[in-house]
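The questions below are meant to be read beside the sequence and the model, and each one is followed by a short line of reasoning that closes on what was asked.

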Amino acid sequence: MIQVDVFWSYAMGAFFACCAGPALVNSKNTTENWYFAYTIMFLSLIFAPSGVFLLSRNPGWESMFVFDRESFGARKLTDAFIPTAFGFTNVALGLLGFWVSRKLMAANRRGIATYLWMSAYMGMFSILGFGYGRFLYQGTIEDWRAGKQTHIKDIFTFEITQVILAMGIFVAPGLLYPVLAWQSQLPSSTLAKDRRHILMTFFVNLAVMTAGYQVYLGHYGEAEKQRILTGQGCHIFFEEEMGVQAPCIMNIVVNTACTLIFVGVAFITPGRKASNKRE
């Protein structure tokens with residue numbers, strides 16, 4: 001999704017750099033090393049093309065039902081600009097994250113680097129959580145504009161679900177490699193500090209987002225209730241019982257589940273045991 005990939009791109013690039021750790025910091029410069037080469041190849045050869053494919057095939061879902069098939073093409077400059085900018089940012093923001101993390105680690109600010117990439121991931125997850133009605137919607141842009149409602153129980157019959165699962169075959173190994181090959185070479189003490197920073201970031205950000213949503217409800221509670229229960233989008237189990245808290249609850253659920261999926265492997269990587277020599 002266009003809105004999601006802004007955060008995801010940065011998070012991946014920044015996380016890859018943190019997985020490399022001192023080996024990256026001690027390299028000649030930011031770009032002349034295997035870690036940078038791998039990051040740019042993953043972003044440009046796998047991640048960006050997958051996003052452009054989804055935007056071309058399912059522009060409604062990929063844009064959270066903002067654009068349709070008529071939004072892109074060769075008719076005018078702006079039609080061609082959106083997918084071009086999308087493909088560019090999918091690579092550029094990842095490289096920005098990689099550069100920022102290396103600079104922070106070089107300045108002995110690895111904790112801040114970890115906070116930034118974890119927050120970027122949570123920004124991505126929160127768009128999916130608070131926007132679950134659009135994220136899980138199983139229809140075309142025409143269905144959306146016609147006000148057709150869908151239910152999560154039919155999610156696996158939707159073409160985009162099947163396409164994303166198929167894409168995971170190519171994307172998942174690329175995400176796992178830096179963790180398994182690079183992060184496992186970091187000292188166990190470094191990984192222990194990372195995990196504390198990840199958990200602190202998770203709980204603090206989740207608390208801030210939950211409080212922010214309650215403030216939002218104080219101003220727009222009734223309108224939000226009508227939108228959730230009668231508005232267009234994908235409906236979920238127990239939505240009526242959750243009422244206006246449905247987006248908040250879904251945000252907590254999605255952030256928890258996606259953190260386990262995307263970041264959980266970082267908690268089981270053993271790391272390198274400290275030797276008798278000073279590191």
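Q: What is the relative accessible area of Glu159?
A: This is a predicted model, and in it the side chain of Glu159 meets that of Arg57 in a salt bridge. Buried would require under 20% and exposed over 50%, and Glu159 counts as partly exposed, with a relative accessible area of 31%.

Q: How many residues apart in sequence are the parts that Arg57 and Glu159 tie together?
A: The side chains of Arg57 and Glu159 meet at 2.8 Å, N to O, in a salt bridge. Arg57 lies in helix α3 and Glu159 in helix α9, so the parts that this pair ties together are separated in sequence by 102 residues.

Q: How many salt bridges does a search of the whole structure find?
A: One of them joins Lys153 to Asp154, the closest N and O atoms being 3.5 Å apart; Lys153 is exposed at 55% relative accessibility, while Asp154 is partly exposed at 31%. Another is the bridge between the side chains of Arg57 and Glu159, where Arg57 is partly exposed with a relative accessible area of 39%. The search of the whole structure gives a total of four.

Q: Which residue meets Glu32 in a salt bridge?
A: Glu32 is exposed, since its relative accessible area is 51% and the exposed class begins over 50%. Its partner is also exposed, with a relative accessible area of 71%. The two side chains meet at 3.9 Å, N to O, within the 4 Å limit for a salt bridge, and the partner is Lys28.

Q: Which helix gives the most residues to the nonpolar surface patch?
A: The patch covers about 410 Å² and is made by Trp34, Met41, Leu45 and Tyr177. Tyr177 has its place in helix α9, residues 159-182, and counts as partly exposed at 33% relative accessibility. The helix that gives the most, with three residues, spans residues 34-57 and is α3.

Q: Which helix supplies the largest share of the largest nonpolar core?
A: This core holds 68 residues, and the members that touch the most others are Met12, Phe42, Trp117 and Tyr121. Its largest share, 12 residues, comes from the helix that runs over residues 2-20, namely α1.

Q: Which residues does Met12 touch, not counting those up to four places away in sequence?
A: Met12 is among the members of the largest nonpolar core that touch the most other members. With residues up to four places away in sequence set aside, its contacts are Phe42, Leu43, Phe47, Tyr121 and Leu175.

Q: How many of the 21 residues of α6 are buried?
A: Helix α6 runs over residues 110-130 and reaches 30 Å from its first C-alpha to its last, close to the 30 Å expected at 1.5 Å a residue. The helix is largely enclosed by the rest of the structure, because the number of its residues that are buried is 15.

Q: Is Met64 buried or exposed?
A: Met64 is found in the loop between α4 (59-62) and α5 (77-106), and its phi is near 55°, a positive value in a residue other than glycine. Its relative accessibility is 7%, so with the cut-off for burial at under 20% it counts as buried.

Q: What is the relative accessible area of Asn108?
A: Asn108 is found in the loop between α5 and α6, and its phi, near 60°, is a positive value in a residue other than glycine. Asn108 is exposed, with a relative accessible area of 68%.

Q: What distance separates the C-alpha atoms of Val25 and Ala246?
A: Val25 has its place in helix α2, residues 22-25, and is partly exposed, with a relative accessible area of 22%. Leaving aside neighbours within four places in sequence, Val25 is in contact with Arg102, Met105 and Ala106. Ala246 lies 221 residues from Val25 along the chain, and their C-alpha atoms are separated by 44 Å.

Q: How far apart in space are Leu165 and Tyr38, C-alpha to C-alpha?
A: Leu165 is found in helix α9 and is exposed, with a relative accessible area of 54%. Leu165 and Tyr38 are 127 residues apart in sequence, and their C-alpha to C-alpha separation in space is 23 Å.

How values were computed: Residues numbered from 1 in each chain as written. Predicted model: local features only at pLDDT ≥ 70, side-chain atom pairs only at ≥ 80, totals over all residues. Heavy atoms only, no water. Patch = residues over 30% accessible without salt bridge, like charges linked within 9 Å, V, L, I, M, F, W, Y side chains within 5 Å. Areas by Shrake-Rupley, 256 points an atom, 1.4 Å probe, with all protein chains shown as cover. Helix = DSSP H or I, 4+ residues; strand = E, 2+ residues; numbered from the N terminus. Buried < 20%, exposed > 50% of the residue type's maximum accessible area, 1.4 Å probe, protein only. Core = buried A, V, L, I, M, F, W, Y, C linked by side-chain atoms within 4.5 Å. Contact = heavy atoms within 4.5 Å. Expected span 1.5 Å × (residues − 1).
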